[in-house]
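Here are my comments on the model, as numbered points. Please read them with the structure open.

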Amino acid sequence: MTAKTPCEPDELRSLFLFEALTDDQLAVLCANGHIENYQPQPICVEGEPATCFYVLIEGELTMSKLSGGQDIETNRTSQRGVYCGAWRAFTGGKQKTYDASVHVTKPSRFFVMDAPIFAQFMRDQFPMAVHLLDGIAVGTDRTRRIIDNREKLLALGRLSAGLTHQLNNPAAAISRAAADLRERVANMRHKLAMLADGTITPEALSALVKLQERVAEQVAKSSTQHLTALETSDREDAVGDWLEDHGIEGGWDIAPTFVEGGIDTDALERISAVAEELETASLEQAIRWINYTIESELLMNQILEASKRISALVADAKQYSQMDRAPFQVANVHDLLYSTLVMFADRLTKDAGKDASKDAKAITVVKDFDKSLPEIPCYPADLNQVWTNIIDNAIAAMRDTGGTLTVRTCRYGENMARIEICDTGPGVPADIREHIFEPFFTTKPFGEGTGLGLDLAFNIVVKKHRGDLRVESVPGDTRFIVLLPLEKPPVADVAAVDDDEVDDADPE
């Protein structure tokens, strides 16, 4: 419980904050404010509505900021005149929430004013200063937004180029397969001519069509079977030998097609048996007919798989951009990570782990996901920007030597999700580690980096999601660790919090 008493102008004048004010100005402050006595207790809680401006007259306070779901003390002082709370209420941003938590550690006295009254006092008494501070606040915010947007566009441009390359591959495969299939359709017209001149009887055609259907089923089954290179080579040798032994011209040329379609020597024996039953169709005709069928089925499979790949890439791109989705929602963090990795696929070896490329400069991906992790309340598009910036830096660190990119998730404590993005690059030197989250700090060559990627990531994780972002690094093992709350923050629209780092208890 706090006790309120009127304030005296002379007491306010003894504080460095008010010592240069006129008698009239001090009278206005005392008329609109009051003195409150506090026992050890919190007086401001980070994220709660900023309702009051506080000035310490006597006593002691601590200031703390949320990090990793915990309050981390950033300042402890007993200096008279230290101010805290809604001290930015008069600026253009109109401070909506407390930027930090303030806790009284022993019986203390404060001068207290309601935030709107304090803001009006500043505008009335110091209009030029307020205009200047408004200009600084608005200008800083506008500059930050422009540069942040540029950083996002630069990342998007890089990812778009990679996505275009990924889309081009299946699109080209569809184009090639469609052209080849056109040739097969033309050959079908020639076969219809064979029927017209009586080369193949209706009975033989019926038997060949049934054989085609069985072969088509076999081709469909073969798409789920995966042979090793040695097994494939052995089967091609066996099929080639069989075709050569049975007098099939160019049998070695079509053997790979038969093996790809799942046709082995046992299937060829069955085809031979059907051909022997037909009076007007030779084994050569049956083999050619079946070869045509396999090629057509494989081409249609290629078109289908390439189409699915394009659809999957578009779906991943939509997941990454969060198109047509609410800014704040409950999302599966693994879906977000996966969609971001897809955007980098052209710069990474296929998801590796066990089958990592031997190429010294290849960058392989290992995903170590804790699938029991629940969905998290978050801004998914912003988190994708965080993954993008960190992964882009990791790839850059391994560009010349190659290595492994590991993305790991797990639960941290009771109420946090932990996401690690690790690389095997040279590491971040200890003397610059504490600066890497500062705006405009970069170790990249001039013109290659803006120095805002990690600053943007920090603002998104720490300020917008009330989580934590840290780095641990030794040569060969650099880990960026993101901690995110599993529960919705007390203030949903934390985006309104000013991005500028400020010290609410700064006596200056």
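1. Start with the hairpin partners β13 and β14. Strand β14 covers residues 477-485, and β13 pairs with β14 in the antiparallel sense over 7 bridges. Within this pairing, Ser473 stands opposite Thr478 of β14. Bear in mind throughout that this is a predicted model.

2. Now the sheet around that pair. β13 and β14 belong to an open sheet of 5 strands, ordered β9-β11-β12-β14-β13, and the pairing is mixed. Its edge strands are β9 (363-368) and β13 (468-474), each of which pairs on one side only. From one strand to the next, the twist averages 15°. Strands of a sheet pair through backbone hydrogen bonds, either parallel or antiparallel.

3. A helix covers part of this sheet's story too. Helix α13, residues 453-464, packs on the sheet and touches both β13 and β14. The direction of α13 makes about 135° with that of β13.

4. Next, a helix pair. How do α10 and α11 lie relative to each other? The axes of α10 (residues 333-343) and α11 (residues 380-397) come within 9 Å and cross at roughly 50°. That angle falls outside the parallel, antiparallel and perpendicular ranges, so the two helices count as oblique. The crossing of α10 and α11 is right-handed.

5. The contact between these helices is worth inspecting by residue. From α10 come Val333, Leu336, Leu337, Ser339, Thr340 and Leu341. They meet Pro380, Leu383, Asn384, Trp387, Thr388 and Ile391 of α11. By class, the contact has 8 nonpolar and 4 polar residues, and no charged ones. An α-helix has 3.6 residues a turn, so residues three or four places apart point the same way.

6. Turn to strand β2, residues 34-38. Of its 5 residues, 4 are buried, so to speak of a mostly covered strand is fair. β2 pairs with β7 (residues 101-114) in the antiparallel sense, over 5 bridges. One bridge joins His34 to Val112 of β7.

7. Gln120 sits in helix α3, residues 115-125. Is Gln120 buried, exposed or partly exposed? Its relative accessible area is 36%, which means partly exposed, between the 20% and 50% cut-offs. Gln120 and Phe90 are 30 residues apart in sequence, yet their C-alpha atoms are 7.2 Å apart in space.

8. Last, helix α7, residues 251-260. Its buried residues are Gly251, Ile254, Ala255, Thr257, Phe258 and Val259. Gly262 follows α7, and the phi of Gly262 is positive, near 85°.

How values were computed
Residues numbered from 1 in each chain as written. Predicted model: local features only at pLDDT ≥ 70, side-chain atom pairs only at ≥ 80, totals over all residues. Heavy atoms only, no water. Buried < 20%, exposed > 50% of the residue type's maximum accessible area, 1.4 Å probe, protein only. Pairing = 2+ DSSP bridges. Axes fitted to C-alpha atoms, helices over the stretch in contact; angles between N-to-C directions. Contact = heavy atoms within 4.5 Å. Parallel < 35°, antiparallel > 145°, perpendicular 65-115°, else oblique. Left-handed = near helix turned anticlockwise from the far one by under 90°. Nonpolar A, V, L, I, M, F, W, Y, C, P; charged D, E, K, R; others polar.
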